[in-house]
Structures are given as structure tokens and as C-alpha cells.
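Q: Hey, can you walk me through this structure? I'm new to this, so keep it plain.

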Amino acid sequence: MALLFSLILAICTRPGFLASSPGVRLVGGLHRCEGRVEVRQNGQWGTVCDDGWDIKDVAVVCRELGCGAANGTPSGILYEPPAENEQKVFIQEVSCTGTEDTLAQCEQEEAYNCLHNEDAGALCENPESPLSPVPENVRLADGPGHCKGRVEVKHQNRWYSVCQTGWSLRAAKVVCRQLGCGRAVLTQKRCNKPAQGQRSIWLSQMSCSGREATLQDCPSGPWGKSTCIHDEDTWVECEDPFDLRLVGGDKLCSGRLEVLHKGVWGSVCDDNWGEKEDQVVCKQLDCGKSLSPSFKDRKSYGPGVGRIWLDDVRCLGEEQSLEQCQHRLWGYHDCTHQEDVAVICSGKSYRWRVHKGWQGG
């Protein structure tokens, strides 16, 4: 089975951003090195059952994708968009020694009794973070930050423009997800003169479903063969990356919870808030475990001002980010600032913040 899988990958590889396309990908995570594990067979992507899945298997996935060290085996159901019902579960009982170069080299069985609620996930260190937050093979150029700009792709160490022919909001969603930004809010099929590129135009006739993990997974016209001009360069704007912080305390790991949305910090309502939600916040901030503070301790940080962004947050406790938890639509709530959430965690935090640099708490 492993040999057949390897042969399929060799046949299906196409020229693109990378010298060869990997036979595995991670979907729905905060960056390309985290997410639901999917493998490719016969040109189709399918999931991996978590029966027998462990950190050694994740280590091989991380190596194959050029990511850092294996950090965890989260459930694949945590990542959105979820696997479609018609998407198949391809393999189960994966058993790697941890030294293999690709997942295809590991012992594995064809899946026969697994559903998508058993999809495997993987969490690897992200080599692009914090010093290089933008993946190598796509970027948004000449904008006010890495989440807004003209779409460019990298091929053989050179950057090229993308033509607007066939471009859609679905393609913009893929780019925003690949860059670790928020949701796509704007795509313009023509750039104004100051934003037009000077580089060769490499891609056109993009046809994305919006569910692809990376732009190179989308069908497109012939690579490097475009009749477009720079009047047809594509411009995309994404929301800023999701972020959160604890404020009002004497260190970064305790305080009133605030989340960043549309460039504005706002508070979170305490309706349905509990221990699992605390755990996710402490985990995301690298702050150890929740200290399960009392109601009095939570209220000691005082009420916030301005926007209340989230209400009715519900987490399983396994999520890597509060954004992955269920909640009402952004800005919809029935709360006042007297109900603002506060969290107290056990540890100190030394986190990279693009807007502040290194901080300790």
C-alpha cells in the first residue's frame, strides 16, 4: 500500500510553487503547520483516521511539510472548514517509527470503519513564526501590512503577479487562510495604477472552491502562459489575524480578556464561560493552566470600555485558539461590560507580538 501511494504521488506531482508537491497537507489550522491531516490518492484528498495516531506519526508529517518539531496530536474535527461528507477517509492504523521522510513510508491500512469524527490532526512548530509570518509561496504585496495587497506567487525564487481572469472571493479566502490572516473581506479584479506590479504575470484562470489549503491546490490555467496585462493584477484584503490579550493585571497571564477583530480590541461576555474556555485562552497565550479563579477574583480587573465582540463562547477545551470555539456572530451580544470575562493563568508568557515585539509577564 505504501509503495503504491508513493507511486501515485510521483505521477500526480505537477510543476508549481515548489519543486514537488507533498502527498500530505494540514487543513484549517492557524498556519500551514497545523490542522486536519489529509493525504492525496489518485488526485483526490482524503482524511486520516486517528486510530493508532500518535506523536511519531505527526513528526513524520511535520518533516514532510518542512515544518518544525511535532507539538501535538489534536483531533481533526477542531479545524474548519470541516471535511465534507463526500470526502473519503483514506487510511487508518498509521504506524510510523518517527524517522520516515514521508507518511507514505509508514505502515498503514486502508480505512474501512472510520468516520470524519475520528479524523486525525497534527500540530507542528511553524518555521515562519515569529520572524517570517508570511509563507514563502504566496504574498500580498504593496499593501498596508501582510494581509492586504496585490497577489503574488513565488516560482523558482522569483515573484510573479496573478491575473484577475477567473479570480473570485473563493480564491481570496484561500489566500487569506494560507497567510494566517482573518477572513477575506475584499477582492478587486483590477488594481489601481500605484498598486500595479512590474513583475511577469505567472498565473491566470484560477478556479478555487474556497476549501483548498493553499493557492497551489486550486486548478488554474497553464503556468507561466498568460496574455494578461498589469491592469488586470489582482488585489485582496483580509481581516487582520485573530489575536487576544489579558489586560488590567500586573502580568500578561492574568486580566480581563480582550480579542482583536477588524483592527479593534473588544471584550468577551461571560455568558456560558467556564473552565474549558479558560483552558483554551491560557493555552493560546502560552500561560500554563487556568487557576480557576473565583467570581470575585475575575471581577477585580474591572469592566472594559468600547466594543463587546464575543458572547456565548463554547469550547471543548482541546482547541488551539479561542477562534476555533463556537460563539455568536462577531459583535452580537446581550451583555454589558459588567459581564466582561477575566482569566487568570498559572504561568508567565513570553510571546511574540508583531505590534509590540517581545514581552514577558
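Q: Okay, is the disulfide of cysteine 176 and cysteine 238 left-handed or right-handed, and why?
A: The torsion about the S-S bond of cysteine 176 and cysteine 238 is about -85°, so that disulfide is left-handed. The pair links distant parts of the chain, with cysteine 176 in helix 3 and cysteine 238 in strand 13 (residues 235-238), 62 residues apart.

Q: Hang on, what do I need to know about the model and the numbering?
A: This is a predicted model, where local features need pLDDT of at least 70 and side-chain atom pairs count only at pLDDT 80 or more, while totals for chains, interfaces and linings use all residues. Residues are numbered from 1 along each chain as its sequence is written, and side-chain values use heavy atoms, with hydrogens and water left out.

Q: And what counts as a disulfide, a helix or a strand here?
A: A disulfide is a pair of cysteine sulfur atoms within 2.5 Å. Helices (H or I, at least four residues) and strands (E, at least two) are DSSP runs, numbered from the N terminus.

Q: How far apart are the sulfur atoms of cysteine 176 and cysteine 238?
A: They sit 2.0 Å apart. Both cysteine 176 and cysteine 238 are buried, and buried means under 20% relative accessible area, with exposed over 50% and partly exposed in between (1.4 Å probe, protein chains only).

Q: How many disulfides does the count come to?
A: The count comes to 10 disulfides. One of them is formed by cysteine 62 and cysteine 124, with sulfur atoms 2.0 Å apart. Cysteine 62 lies in helix 2 (residues 55-64) and cysteine 124 in strand 7, so the pair ties together parts that are 62 residues apart in sequence.

Q: Are cysteine 62 and cysteine 124 buried or exposed?
A: Cysteine 62 is buried, and so is cysteine 124. The torsion about their S-S bond is about -85°, so this disulfide is left-handed.

Q: Got another pair for me?
A: Sure, cysteine 147 and cysteine 181 form a disulfide, with 2.0 Å between the sulfur atoms. With -90° about the S-S bond, that link is left-handed. Cysteine 147 is in the loop between strand 8 (138-141) and strand 9 (148-155), and cysteine 181 is in the loop between helix 3 (169-178) and strand 11 (184-188), 34 residues apart. Cysteine 147 counts as buried at 3% relative accessibility, and cysteine 181 is buried with a relative accessible area of 12%.

Q: Back to helix 2: which residues in it are buried?
A: Asp57, Val58, Val60, Val61, Cys62 and Glu64 are buried in helix 2. What covers the buried residues of the helix includes strand 1, strand 4, strand 5 and strand 7.

Q: What's going on at the ends of helix 2?
A: Aspartate 54 caps the N-terminal end, with a side-chain oxygen 3.0 Å from the backbone nitrogen of lysine 56. After helix 2 comes glycine 66, whose phi is positive, near 70°.

Q: What about helix 4, which of its residues are buried?
A: In helix 4 (residues 275-284), they are Glu277, Asp278, Val280, Val281, Cys282 and Gln284. Just after helix 4, aspartate 286 takes a positive phi of about 55°.

Q: Switching to strands. Why is strand 2 largely enclosed by the rest of the structure?
A: Eight of the eight residues of strand 2 (residues 34-41) are buried, so the strand is largely enclosed.

Q: Which strands pair with strand 2?
A: Two strands pair if DSSP finds at least two bridges between them. Strand 1 (residues 24-28) pairs with strand 2 in the antiparallel sense over five bridges, and a hairpin of five residues joins them. Leucine 26 stands opposite valine 37 there. Strand 7 (residues 121-124) also runs antiparallel to strand 2, with three bridges, and glycine 35 stands opposite alanine 122. Strand 3 (residues 44-48) pairs antiparallel with strand 2 over four bridges, where arginine 40 has tryptophan 45 as its bridge partner.

Q: Last one: where is serine 75?
A: Serine 75 is in the loop between strand 4 (70-72) and strand 5 (89-95). At 17% relative accessibility, serine 75 counts as buried. Leaving aside neighbours within four places in sequence, serine 75 is in contact with Asp119, Gly121 and Glu318, where contact means heavy atoms within 4.5 Å.

Conventions. Polar contact = N/O pair within 3.5 Å; in protein donor to acceptor, adjacent residues only side chain to side chain.
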